[in-house]
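Here's a quick briefing to read alongside the model. Have the viewer open and follow along.

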Amino acid sequence: MTDLLPNFFFDPTKCFIGGRWVAPLGGDYLPVENPSDGTEFAKIPRGQKADIDAAVAAARAALEGPWGRTPAAERGRILTRIGQKVLERVDDLARLEAMDVGKPLKQARADALALARYMEFYGGAADKLMGETIPYLDGYTVYTLREPHGVTGHIIPWNYPMQVLGRSVGGALTMGNACVLKPAEEACLTAIAFAKIAEEAGLPPGVLNVVPGLGEEAGAALTSHPGVNHISFTGSVPVGQLIQRAAAQNVVPVTLELGGKSPQLVFADADLDRALPFLVNAGIQNAGQTCSASSRILVDRKIHDEVLARMAERYTALRVGPAVADLDLGPMVSERQRQVVENFLGDIGSAEIAARGSIQSDAPGAGHYLAPTLVSGVTADHRLAQDEIFGPVQVIIPFDSEEEAVAIANGTDFGLVAGLWTADGSRQMRLARKIRSGQVFINNYGAGGGVELPFGGTGKSGYGREKGMEALYGFSVLKTVAAWHG
Ligand code: ADP
């Protein structure tokens, strides 16, 4: 696996605080495991409250220094430069990520390209969010200003580390905030690498601070810190709830993106040749470790058996192996995560395993491999159809009417993404409104994941929007100025 050995153009054992590369104050480190073969190949800081305190203080100092007076156009220029430097490092970043979280190389590369796109998109957007003037009483001029929150805290997950970093930190920097980033303990390398790139691109000291560490240590210290003015979190529902509670103590706004149980609805008039690759890929991409994974396929009973057979055929052809082999799926990020999914599959009741992919025979035994699994005979209230599994498992459920399809689609605690497959234009418009979801895709799923498309949930999928211009409203506060001039 030496051909994957990452190019450490940065020091992974350091935190980045106030523009300096520093060892964690407690002197503790965490091992970095390669999920493809179980080996440890690096160590990262185990940041603690004292490191978070220093990072928040550095971010505050940056806001009170030149960063607080940097014009929007200049902020945009810096972000754009960061994007260019990310592009120059795409292959390094892809290899790092593949080694760190087990993503097949082409997926890791797509993530690095998305990170560059976030910087480009937000770089261009920095000077384009305007306030407004408000017609008011005689003698007054009233206008609004969009101002940064101040210090923003960013807790990101391990499944799409570069993409979530890009959308979260990118939006916050665009609006002039100063960030403290706590990446997931399973996936810190590209976040530390990004700080190096941002430094090289001329981001002033303290504007971005990165403190790797455990969720219950560095993460909890960040989200409960009284010096933090906004928290952006992507992760699990229980941790989202903890963070909301911590933020409540300081009355701080939070953006929560907490995952889903996203359906695709397939009607009898759907173009199945087009739909099939989407139906399957949306469930198995990134080994199903995707908040917006489509884990429920709802199918008109008239075509259920045909769709099941055609999906099963695709599943049987899916291959799982080390990130470097660049197959359809890599390993799960950790043995813990693999076990979570195995536990779901060990208790499927009267449902049936309709098809599974295969793990390459030469995949290292210590890697966390799991064969993608299609499950049929599942009722809408089945655990597999209700709980977020966060692995390469899809269930197929028949429906008999449009009303029933909508009821099943809306019948979970979540509401993040939905896909509609039908040629009937009226049904497309009708259901796009009826489905409870932050995004609805018609005759596609994900639309290529565009950075331009606002993203976020309803229900237990969370609230607030990241991505697109909409995110910039969340990463800023509106001030109303009313001047009396007679
Ligand atoms: P998963 O269970 O899939 O690992 P988590 O929601 O636990 O997802 O993790 C997402 C992010 O939240 C990670 O960066 C993790 O370190 C962080 N985290 C976990 N627990 C806490 C906590 N108590 N406070 C703040 N952040 C946390």
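Start at the end of helix 3: the residue that follows it is Gly102, and its phi is positive, near 85°. Keep in mind that this is a predicted model. From there we'll go through helix 3 itself, then the whole chain, two more helices and a pair of buried residues.

**Helix 3**
- Helix 3 runs over residues 90–101, so to speak a twelve-residue stretch, and it reaches 16 Å from first C-alpha to last, close to the 16 Å expected at 1.5 Å a residue.
- Most of helix 3 is covered, with ten of its twelve residues buried.
- Among those buried residues are Val90, Leu93, Ala94, Leu96, Met99 and Val101.
- Charged side chains are on the buried list of helix 3 too, namely Asp92, Glu97 and Asp100.
- The cover over the buried residues of helix 3 includes two strands, strand 3 (29–33) and strand 4 (40–45).
- Helices contribute to that cover as well, including helix 2 (72–88), helix 4 (105–125), helix 5 (161–174) and helix 6 (189–200).

**The whole protein**
- The protein has 15 helices and 22 strands.
- Its radius of gyration is 23 Å, close to the 23 Å that the globule rule gives for 486 residues, so the protein is as compact as a globular protein of that length.
- Along the principal axes, the C-alpha trace spans about 70 × 65 × 40 Å.
- Buried residues make up 57% of the 486.
- If you look at contacts with a separation of 6 or more, 75% of them come from residues 24 or more positions apart.
- About 18,500 Å² of the protein is exposed, and carbon and sulfur atoms supply 52% of that.
- There are 44 positive and 54 negative charges, and the mean positions of the two sets are 4 Å apart.

**Helix 5**
- Helix 5, one of the elements covering helix 3, is itself mostly covered: 14 of its 14 residues are buried.
- From first C-alpha to last, helix 5 reaches 19 Å, close to the 20 Å expected for its 14 residues at 1.5 Å a residue.
- Gly176 follows helix 5, with a positive phi near 90°.

**Helix 10**
- Helix 10 takes in residues 301–317, and its 17 residues reach 25 Å between the first and last C-alpha, close to the 24 Å expected at 1.5 Å a residue.
- Its buried residues are Ile303, His304, Val307, Leu308, Met311, Ala312 and Tyr315.
- Strands in the cover over those residues include strand 12 (262–266), strand 13 (294–300), strand 15 (352–356), strand 17 (373–376) and strand 18 (393–399).
- Helix 9 (272–284) is also part of the cover over the buried residues of helix 10.

**Gly213**
- Look for Gly213 in the loop between strand 9 (208–210) and helix 7 (215–223).
- Gly213 has 0% relative accessibility, under the 20% cut-off, so it counts as buried.
- Gly47 is 166 residues away from Gly213 in sequence, yet their C-alpha atoms are 4.5 Å apart in space.
- Leaving aside residues up to four places away in sequence, Gly213 touches Leu30, Pro45, Arg46, Gly47, Lys182, Pro183, Glu185 and Ala218.

**His230**
- His230 sits in strand 10, which covers residues 230–234.
- At 2% relative accessibility, His230 also falls under the 20% cut-off and therefore counts as buried.
- With residues up to four places away in sequence left out, the residues His230 touches include His149, Val151, Thr152 and Gly153.
- Others that His230 touches are Val252, Pro253, Thr255, Gly474 and Phe475.

Definitions and conventions. Residues are numbered from 1 along each chain as its sequence is written. This is a predicted model: local features need pLDDT of at least 70, side-chain atom pairs count only at pLDDT 80 or more; totals for chains, interfaces and linings use all residues. Side-chain values use heavy atoms; hydrogens and water are left out. Helices (H or I, at least four residues) and strands (E, at least two) are DSSP runs, numbered from the N terminus. The radius of gyration is taken over C-alpha atoms; the globule rule is 2.2 Å times the number of residues to the power 0.38. Buried means under 20% relative accessible area, exposed over 50%, partly exposed in between (1.4 Å probe, protein chains only). Contact means heavy atoms within 4.5 Å. Accessible areas come from the Shrake-Rupley method with a 1.4 Å probe; for residues, only the protein chains shown count as cover. The place of a charge is taken as NZ of Lys, CZ of Arg, CG of Asp or CD of Glu. The expected span of a helix is 1.5 Å times one less than its number of residues.
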